[in-house]
Amino acid sequence: MKPNSTPPGVDARRAALRLLDAVLRRGLPLEAALDGAAGDLAKPEDRGLAHAIAAETLRRLPDLDALIDSATQQRLPPDAKARFALRIALVQALALGTPPHAAIATVLPLVDGGPRRLVHGVFGALMRRKVSLPAPPSLPRGVAERWLAAWGRDMVDAARAALATPPPLDLSFADAEVARNFAGDHLAERHARIPPQSRVAELPGFAEGQWWVQDLAASIPARLLGPGEGRTVLDLCAAPGGKTLQLASAGWRVTAVDSSANRLERLRENLQRTRLSAEVVEADVMQWEPAAPVDAILLDAPCSATGIFRRHPDVLHRVRPKVIADMAELQRAMLARAAGWLKPGGTLVFSTCSLEPDEGESHLEQAPLTLHPVDPNELPAGVAPHPDGHVRTLPAMLAERGALDGFFIARFRR
Ligand SMILES: C[S@@+](CC[C@H](N)C(=O)[O-])C[C@H]1O[C@@H](n2cnc3c(N)ncnc32)[C@H](O)[C@@H]1O
């Protein structure tokens with residue numbers, strides 16, 4: 001090795017540190033930070049490793065910090081580089097199966113010229129104590145308190161268990177017969193649940209466009225609109241298009257609207273791969289309006305996304321009460337605006353992938369439409385509507401079969 005060259009594996013750890021910094025100090029979503037933090041890594045496996053280290057650190061953050069604090073005389077500030085480096089070394093040794101000597105050797109160069117001795121000393125002390133991380137992981141205190149108040153102890157326990165287990169992969173199918181013949185757990189029509197996979201594009205039927213990845217809970221809103229029979233539907237906040245594909249394959253004439261050009265690019269790719277069609281509109285729902293009233297609307301509103309914490313653990317640390325309040329306000333405005341675009345007798349389904357009642361149940365009182373209750377037969381096996389007629393999915397549901405993302409879904413009639 002040349003004297004100044006970087007030892008193997010250090011670049012991926014450096015990228016993991018940049019990713020954590022982007023999420024924890026700058027409040028960026030993990031996926032959005034990926035290009036900036038790990039874009040210079042030439043090998044896809046290094047980018048994958050940086051992402052895996054950062055994601056696992058975010059799943060385990062309160063427990064990693066408790067270990068660090070148990071081994072330092074003076075508490076390290078939350079944004080201290082030494083704390084970031086220790087989190088990365090510890091998560092590898094304690095959760096990702098990296099031998100401790102490799103975990104620390106690849107992290108120490110990140111603190112060269114800085115608190116190298118401290119990081120080495122704390123890591124060594126914890127390894128000598130033979131510490132381990134609790135199973136299941138702890139939630140950040142603010143999140144645990146919020147969810148305990150909203151949903152109770154069982155939900156918090158189920159959320160912790162869900163964090164400990166890689167979520168399964170849910171596939172939605174264009175064709176019911178093809179879905180039935182696909183090996184997997186079938187929890188609804190046109191659905192199959194399979195174990196987590198890293199190479200989704202290599203699975204049978206992907207290239208042919210037979211299916212797309214979509215959490216089972218995320219597939220419920222479009223199910224509640226039923227068959228389209230050529231009627232018109234606005235898919236508002238549509239990208240990357242999971243619900244657009246469901247609606248198009250169920251016979252709706254879909255206009256898919258989203259304000260993000262990048263995300264709409266993915267929606268167009270998905271339409272192309274599945275050979276389904278929809279009119280695609282790049283517009284802000286708060287500015288745009290349809291040329292004529294429509295039969296149905298699916299409003300999958302922007303939200304805090306705390307319901308998808310299993311796959312996106314950054315939400316546990318980024319989402320503060322202010323974010324939830326701002327999102328709830330935007331959702332209320334979108335719902336009020338879209339309600340006016342329905343034909344009389346038309347149906348609107350509103351959904352958010354949030355576990356915050358302010359982004360769900362709170363909208364029920366103020367919605368300018370009449371709730372059209374959901375029947376249990378319309379839902380996947382093991383999911384029941386709330387007695388009031390809306391749908392609330394929680395991680396405790398279907399826990400034995402891979403659990404569900406957290407969604408709020410309500411169907412209204414004009
Ligand atoms: C929850 S995601 C939608 C997921 C999508 N419905 C699906 O099933 O694949 C929310 C979307 O809202 C879009 N969005 C946010 N604010 C918007 C606005 N003012 N107008 C239109 N789209 C917006 C975002 O770009 C994002 O794609």
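Helices (H or I, at least four residues) and strands (E, at least two) are DSSP runs, numbered from the N terminus. This is a predicted model: local features need pLDDT of at least 70, side-chain atom pairs count only at pLDDT 80 or more, and totals for chains, interfaces and linings use all residues. Residue numbers start from 1 along each chain, as its sequence is written.

**Exercise 1. Place L58 and list its contacts.**

Solution. Start with the element: L58 is found in helix α3. Next, the surroundings. A residue is buried if 20 or more other C-beta atoms lie within 10 Å of its own, exposed if 12 or fewer, and partly exposed in between; C-beta atoms are placed from the backbone. L58 is buried because 27 other C-beta atoms lie within 10 Å.

Now the contacts. Two residues are in contact if their C-beta atoms, placed from the backbone, lie within 7 Å. Leave aside neighbours within four places in sequence: L58 then touches V23, L30, P313, D314, L316 and H317. Take P313 from that list. L58 and P313 are 255 residues apart in sequence, yet their C-alpha atoms are 5.8 Å apart in space.

**Exercise 2. Describe how domain 1 meets domain 2.**

Solution. First, the bounds, which come from an automatic or database domain assignment. Domain 1 covers 10-128 and domain 2 covers 216-413. Over C-alpha atoms, their centres are 36 Å apart.

Second, count the residues in contact: nine from domain 1 and six from domain 2. On the domain 1 side, the elements giving two or more residues are α1 (10-24) and α3 (44-70). The largest share, four residues, comes from α3.

Third, sort by class. Ala, Val, Leu, Ile, Met, Phe, Trp, Tyr, Cys and Pro count as nonpolar, Asp, Glu, Lys and Arg as charged, and the others, Gly among them, as polar. The domain 1 side that touches domain 2 has seven nonpolar residues, one polar and one charged.

**Exercise 3. Work out the packing of α4 against α6.**

Solution. Two packed helices are described by the angle between their axes and the distance between the axes. Axes are lines fitted to C-alpha atoms, for helices over the stretch in contact, and angles run from 0 to 180 degrees between N-to-C directions.

Apply this to α4 (residues 81-95) and α6 (residues 116-128): the angle is about 35 degrees and the axes are 10 Å apart. Then name the residues. From α4 come A82, A85, L86, A89, L90 and A93; from α6 come L118, V119, V122, F123, L126 and M127. By class, this contact has 12 nonpolar residues, no polar and no charged.

**Exercise 4. Find what surrounds the ligand, then look at α11.**

Solution. A residue is near a molecule or strand if its C-beta atom, placed from the backbone, lies within 6 Å of it. There are 18 residues around the ligand, and C237, G242, S259, S260 and D300 come nearest. The elements that give two or more residues to this shell are α11 (242-249) and β5 (253-258). The shell holds nine nonpolar, four polar and five charged residues.

Turn to α11. This helix is mostly covered, with eight of its eight residues buried. Among them are G242, K243 and T244. Just after α11, G251 has a positive phi of about 90 degrees. The loop between β4 (232-236) and α11 holds P240. The peptide bond from A239 to P240 is cis, with omega near 10 degrees.

**Exercise 5. Is Q331 buried or exposed, and which residues does Q331 contact?**

Solution. Q331 is found in helix α14 (residues 321-339). Q331 is buried because 24 other C-beta atoms lie within 10 Å. Beyond neighbours within four places in sequence, Q331 is in contact with A301, C303, T352, E359 and H363. Compare H101: the C-alpha atoms of Q331 and H101 are separated by 49 Å, and the two are 230 residues apart along the chain.

**Exercise 6. Examine the backbone at R190, L398 and P136.**

Solution. R190 is not a glycine, yet has a positive phi of about 55 degrees. R190 is found in the loop between α9 (176-180) and β2 (191-194). R190 counts as buried because 21 C-beta neighbours lie inside 10 Å.

L398 is not a glycine either, and has a positive phi of about 55 degrees. L398 lies in the loop between β10 (391-393) and β11 (407-413).

P136 is found in the loop between α6 and α7 (141-151). The peptide bond from A135 to P136 is cis, with omega near 0 degrees.
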